[in-house]
Amino acid sequence: MSAENKVREEIVRLSKSLFDRGFSVGSAGNISAAVEDGILMTPTNSCLGFLDPARISKLDRNGNHISGDRPSKEVFLHQAFYETRPQTGAVVHLHSTFATAVSCLSDTDPDDCIPPLTPYVVMRVGKVRLLPYVRPGDERMGEMIRELGGRHAAVLLANHGPVVAGRDIASTVYAAEELEETAKLLVLLRNAPTRLLSPENVAELKAVFGGY
Ligand SMILES: O=C(CO)COP(=O)(O)O
Ligand SMILES: [Zn+2]
């Protein structure tokens with residue numbers, strides 16, 4: 001099997017896994033992955049549970065649609081991550097329930113919307129920014145990601161959902177899951193006195209496991 005076909009199969013397998021466990025419903029969310037000569041992206045209005053590897057959209061390096069079904073309307077969002085974080089090999093956008101809940105709370109800190117509750121969110125996701133609401137598919141989402149200058153691997157789109165960029169599709173999906181589970185803890189612990197990891201704990205994790 002060619003390297004590109006392996007990536008197609010991986011997109012289908014991991015998308016189905018997310019869908020089967022309720023991290024995405026209906027036709028919400030989209031996933032992309034870099035290949036040698038461009039980017040593969042889930043087609044617009046497709047259900048992550050039932051993707052066909054042959055119909056996945058392919059874009060060239062300039063973002064032109066070259067094969068497969070029409071790409072996700074969030075193409076600008078995905079492209080902005082590839083452009084600003086050269087290490088990016090995949091981007092995952094979900095409407096997963098708890099991360100989306102945090103994106104709707106009016107007291108969420110926009111500079112640090114997922115505080116360091118547990119080590120794995122620090123290790124796999126890093127500091128998460130909240131970006132102001134624009135409608136799905138609005139080109140301004142790409143501009144907002146570019147303005148971050150590649151400093152964040154994950155963002156929450158206000159009143160919409162999370163977006164995570166990573167080195168490859170599996171690690172990016174795992175990071176999106178970690179973000180969702182931490183958002184769930186945040187909602188569960190809302191109004192309960194909560195101990196966060198200290199700045200020293202966070203610094204130790206970054207020193208040992210690397211930063212995102
Ligand atoms: O999540 C979505 C929009 O934000 C889904 O859009 P697409 O079906 O175009 O990928
Ligand atoms: Zn969306």
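## What covers helix H5

Let's start with the surroundings of one helix. Helix H2 (75–84) and strand S7 (154–157) are among the elements that cover the buried residues of H5. Here, helices (H or I, at least four residues) and strands (E, at least two) are DSSP runs, numbered from the N terminus. Covering rests on contacts, meaning C-beta atoms, placed from the backbone, within 7 Å.

This is a predicted model, in which local features need pLDDT of at least 70 and side-chain atom pairs count only at pLDDT 80 or more, while totals for chains, interfaces and linings use all residues. Residues are numbered from 1 along each chain as its sequence is written, with chains lettered from A and ligands numbered from 1 in the order in which they are written.

## Two sides of H5

Which residues of helix H5 (residues 140–147) are buried? They are Met141, Gly142 and Ile145. Because they cover an arc of only 100° around the axis (taken from the directions from the helix axis to the C-beta atoms), they sit on the same side of H5.

On the other side of H5, you will find Glu143 and Glu147 exposed. A residue is buried with 20 or more other C-beta atoms within 10 Å of its own, exposed with 12 or fewer, and partly exposed in between. Just after H5, glycine 149 has a positive phi of about 60°.

## Helix H2, mostly covered

Now look at H2, where 7 of the 10 residues are buried. These are Val75, Leu77, His78, Gln79, Ala80, Phe81 and Tyr82. The partners that the buried residues of H2 pack against include strand S1 (30–35), strand S5 (90–93) and H5.

Note on methods. Contact = placed C-beta atoms within 7 Å.
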